Amino acid sequence: MPETITVNEFKLLRDLIEKLSGICLGEEKAYLIETRLAGLLAENGCQDFGAFYRLVAHDHSTQLRDKIVDAMTTNETLWFRDTHPFTILREKLLPPLAEGLVRGNRFRIRIWSGACSTGQEPYSIAMAIHEFCRTNPAIKADQFEILATDISPSALLMAKLGRYDQASIARGLPELLRDRYFRQDGNVWVVMDEVKRLVTLRKFNLQDSMDPLGHFDIVFMRYVAIYFSDPFKQMIYGGVAKLLAPEGHLIISAVESLRGISDAFVQLSHGGGSYYQCQLS
């Protein structure tokens, strides 16, 4: 097997990866294809990246394509990642929505965790909701619905299992919440059913129409669009704006910005973090 991918092989696989997942790779990222797809080349008996591309091009099943997406997506995540989004959720977003529940102006609150990876983000949201309900007894956790989506089949499988080893569980999860919302099973920690019940996990490609997902009050779309081209970002945030309830909120990561990408949102700040309110009605 050649040590490096050729320019033509890179272009073919780069375009295929963008078509499958929306991930846009610059020429300086050729090494990512080399390192992340090398195992699939060996697994499928391909002698070079050109042969692997031809195999994929003539394979009409989704299995190999799913494996490519799995290999190329970055599933870096941790519990309550960055802290600020969850402070914003708890202190700014949930109280007015909960007031609507109490007054009978709404019957549920819907939250979308896009690119949920192995489940840490939606389960963190669910734990935050449970903690909110503990201090606001008029609000019940079953009045919330969290849709968590990802393109990676293996990441979704791990999220559905809700089983995490000690190294994973230690990344950002306070011991109090670990002991309250997880049970220990040998060397792993298992998410309690009361948390899992709030979360619906679904495979979803952000290139597809978002309309079937329904409407949401809050959308978490963090650390995903940074891998996409500007036109694709514009499409995603335009779709999110249409899904959000009037004056609904979007939370992205601190390293991302909507400047020059979407004018459908106004940026707000709280507790050292930023979030966005939809201006479409």
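In which strand does Glu247 lie? In this predicted model, Glu247 belongs to strand β8. The backbone of Glu247 adopts a positive phi of about 65°, although the residue is not a glycine. With a relative accessible area of 54%, Glu247 is exposed, because the cut-off for that class is over 50%. The strand that holds Glu247 recurs in the description of both the core and the pockets below.

The interior is considered next. In soluble globular proteins, nonpolar side chains tend to be buried together. The largest nonpolar core comprises 51 residues, and Trp112, Leu250 and Phe265 have the most contacts inside it. At least two residues of this core come from each of the helices α1 (7-21), α2 (30-43), α3 (49-58), α4 (63-72) and α11 (230-243), and likewise from each of the strands β7 (216-221), β8 (244-251) and β10 (273-278). A second core, separate from this one, has 44 residues, among them Trp79, Ala148, Phe220 and Ile251. The surroundings of Phe265 illustrate the packing in the largest core. When residues up to four places away in sequence are not counted, Phe265 touches Tyr237, Val240, Ala241, Leu244, Leu250, Leu258, Tyr276, Gln277, Cys278 and Gln279. Leu250, one of these partners, is itself among the residues with the most contacts inside the core.

The largest pocket has a volume of about 450 Å³. Its lining is made up of 26 residues, of which Thr74, Ala115, Asp150, Tyr223 and Val224 are the closest to the centre. By class, the lining divides into twelve nonpolar, nine polar and five charged residues. Ala115, one of the residues closest to the centre of this pocket, is situated in the loop between β1 (109-114) and α6 (120-135). The phi of Ala115 is near 55°, a positive value in a residue other than glycine. Its relative accessibility is 26%, so Ala115 counts as partly exposed.

Tyr223, also listed among the residues closest to the centre of the largest pocket, is in contact with Ser253, as is Arg222, when neighbours of Ser253 within four places in sequence are left aside. Ser253 occupies the loop between β8 and β9 (265-270). Its relative accessibility is 2%, and Ser253 therefore counts as buried, the limit being under 20%. The side chain of Ser253 is joined to that of Glu256 by a polar contact of 2.6 Å.

The second largest pocket encloses about 290 Å³ of space. It is lined by 17 residues, and the closest to its centre are Leu93, Pro96, Leu97, Arg106 and Glu247. The exposed residue described at the outset, Glu247, is thus placed by the centre of this pocket in the list of closest lining residues. Helix α5 (84-103), β8 and β10 each contribute at least two residues to the lining. The greatest contribution is that of α5, with seven residues. Six residues of this lining are nonpolar, five are polar and six are charged.

Several positions around helix α6 were also examined. Ala128 is found within α6 and counts as buried because its relative accessibility is 12%, where the limit is under 20%. Outside the residues up to four places away in sequence, Ala128 touches Phe80 and Leu89. Ala128 and Phe80 are 48 residues apart in sequence, with their C-alpha atoms 9.0 Å apart in space. Gln143 follows in the loop between α6 and β2 (144-150). The side chain of Gln143 reaches the backbone nitrogen of Lys140 at 2.9 Å. Aside from neighbours within four places in sequence, Gln143 is in contact with Leu101, Phe107, Arg108, Ile109 and Ala138.

Glu76 lies in the loop between α4 and α5. At 39% relative accessibility, Glu76 counts as partly exposed. Its contacts, apart from neighbours within four places in sequence, are with Arg81 and Arg171. Between Glu76 and Cys133, the separation is 57 residues in sequence and 29 Å in space, C-alpha to C-alpha.

Notes: Residues numbered from 1 in each chain as written. Predicted model: local features only at pLDDT ≥ 70, side-chain atom pairs only at ≥ 80, totals over all residues. Heavy atoms only, no water. Core = buried A, V, L, I, M, F, W, Y, C linked by side-chain atoms within 4.5 Å. Buried < 20%, exposed > 50% of the residue type's maximum accessible area, 1.4 Å probe, protein only. Helix = DSSP H or I, 4+ residues; strand = E, 2+ residues; numbered from the N terminus. Contact = heavy atoms within 4.5 Å. Polar contact = N/O pair within 3.5 Å; in protein donor to acceptor, adjacent residues only side chain to side chain. 1 Å grid on protein atoms, 1.4 Å probe; cavity = no way out; pocket = protein on both sides within 12 Å on 5 of 7 lines; lining within 4 Å. Points joined across faces, edges and corners; volume = space filled by probe spheres on them. Nonpolar A, V, L, I, M, F, W, Y, C, P; charged D, E, K, R; others polar.
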